[in-house]
Amino acid sequence: MNILHINACVRELSRTKKLADYVLQKLNGQVVEINLEQANLTPLTDKMLMKRDELIAKGVYDDAMFDNAKLFKQADTILISAPFWDFSFPASLKCFIENININGLIFSYSKDGIPQGLCNAKNLIYVTTAGGFISNDEYGFGYIKTLAKTFYGIENVYCVKAEGLDIFGVDTESILQKAKHNIDEMFPLA
């Protein structure tokens with residue numbers, strides 16, 4: 001199995017990354033990791049969009065700007081590890097998404113304007129942790145799930161989360177163990 005791990009964890013001792021590593025052990029496949037902190041991605045500029053649009057119009061995808069999108073398209077399983085920040089996730093993940101959302105490579109549109117996914121992946125797993133509580137999945141996981149199902153054509157989208165980790169007096173290890181138990185139930189035969 002070809003697994004793409006998109007790592008949006010910033011902290012060295014990230015609890016989100018620990019859970020993601022546990023998922024990777026369960027999946028037991030060939031892993032390619034894109035560490036977004038080290039990827040040096042930037043938000044798209046007018047100049048970048050003009051270059052990208054010109055290459056897309058020619059059907060030429062060999063420029064380095066398409067490398068992450070090609071990895072994303074070819075993966076059998078995609079794992080995104082992203083802590084819950086400000087009702088969403090780190091900005092580096094949004095920047096990554098902007099850079100890979102390429103019409104003609106990741107998705108296309110039907111004659112009626114309906115997005116058609118072009119990705120190989122059948123599974124996307126989103127791993128997140130929060131010091132407080134995730135009151136609404138809509139902005140973090142919900143956004144990723146909508147993209148996966150609507151634009152990328154990924155059938156199965158899972159969320160692994162551990163929350164309330166920084167509440168005074170909680171047993172953080174117990175919460176993380178419960179999340180690992182949930183992972184075991186999600187992927188029993190992986």
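Start at Arg 15. Select it: Arg 15 is partly exposed, at 24% relative accessibility. The structure on screen is a predicted model.

**Stop 1: the Arg 15 salt bridge**

Now add Asp 166 to the selection. The two side chains meet in a salt bridge, 2.9 Å from N to O. Follow the chain from one partner to the other. The pair links distant parts of the chain, 151 residues apart. Arg 15 belongs to helix α1, while Asp 166 sits in the loop between β7 (156-162) and α6 (172-186). Colour by accessibility next. Asp 166 has 53% relative accessibility, so Asp 166 counts as exposed. Seven salt bridges are counted in the model, and two others come up later in the tour.

**Stop 2: Thr 16, next along the chain**

Step to Thr 16. Thr 16 lies in helix α1, which covers residues 15-27. Is Thr 16 buried or exposed? Its relative accessibility is 0%, so Thr 16 counts as buried. Show what surrounds Thr 16. Beyond four places in sequence, its contacts are Cys 9, Ser 81, Ala 82, Pro 83, Val 127, Thr 128 and Thr 129.

Move on past α1 to Asn 28. Asn 28 lies in the loop between α1 and β2 (30-35). Check its backbone: phi is near 50°, a positive value in a residue other than glycine. Most residues other than glycine have a negative phi. Asn 28 is exposed, with a relative accessible area of 66%.

**Stop 3: the largest nonpolar core**

Select Phe 72, Leu 93 and Tyr 152. Among the 34 residues of the largest nonpolar core, these three touch the most other members. Which elements each supply at least two residues of this core? They are β1 (2-7), α3 (67-74), β3 (77-81), α4 (91-100), β6 (123-129) and α5 (141-152). Helix α5 gives the most, with five residues.

Centre the view on Phe 72. Leaving out neighbours within four places in sequence, Phe 72 is in contact with Leu 4, Ile 6, Ile 78, Phe 96, Ile 100, Ile 106, Cys 119 and Tyr 152. Apart from the largest core lies another, of 17 residues. Its members include Tyr 22, Val 160, Ala 162 and Ile 183. In soluble globular proteins, nonpolar side chains tend to be buried together.

One backbone check before leaving this region of the sequence. Phe 87 lies in the loop between β3 and α4. Its phi is near 65°, a positive value in a residue other than glycine.

**Stop 4: helix α2**

Select residues 46-58. This is helix α2, with 13 residues. Put a distance between its first and last C-alpha: the helix reaches 18 Å, close to the 18 Å expected at 1.5 Å a residue. Just after α2, Gly 59 takes a positive phi of about 75°.

Two salt bridges involve this helix. Show Lys 58 and Glu 54 first. They form a salt bridge, with the closest N and O atoms 3.6 Å apart. Both lie in α2, four residues apart, about one turn of the helix. An α-helix has 3.6 residues a turn, so residues three or four places apart point the same way. Lys 58 is exposed at 57% relative accessibility. Glu 54 is partly exposed, with a relative accessible area of 46%.

Now Lys 51 and Asp 63. Their closest N and O atoms are 3.1 Å apart, in a salt bridge. The pair links distant parts of the chain, 12 residues apart. Lys 51 is in helix α2, and Asp 63 is in the loop between α2 and α3. How accessible is Lys 51? Lys 51 is partly exposed, at 41% relative accessibility. Asp 63 is partly exposed too, with a relative accessible area of 21%. What does Lys 51 touch, not counting residues up to four places away in sequence? Its contacts are Asp 63 and Met 65.

**Stop 5: a nonpolar patch on the surface**

Keep Lys 51 selected and add Phe 133. The two are 82 residues apart in sequence and 42 Å apart in space, C-alpha to C-alpha. Phe 133 lies in the loop between β6 and α5. Phe 133 is exposed, with a relative accessible area of 57%. Add Ile 167 and Val 170. With Phe 133 they form a nonpolar patch on the surface. Together the three have about 260 Å² of accessible area.

Key:
Residues numbered from 1 in each chain as written. Predicted model: local features only at pLDDT ≥ 70, side-chain atom pairs only at ≥ 80, totals over all residues. Heavy atoms only, no water. Core = buried A, V, L, I, M, F, W, Y, C linked by side-chain atoms within 4.5 Å. Buried < 20%, exposed > 50% of the residue type's maximum accessible area, 1.4 Å probe, protein only. Contact = heavy atoms within 4.5 Å. Expected span 1.5 Å × (residues − 1). Patch = residues over 30% accessible without salt bridge, like charges linked within 9 Å, V, L, I, M, F, W, Y side chains within 5 Å. Areas by Shrake-Rupley, 256 points an atom, 1.4 Å probe, with all protein chains shown as cover. Salt bridge = Lys/Arg side-chain N within 4 Å of Asp/Glu carboxyl O.
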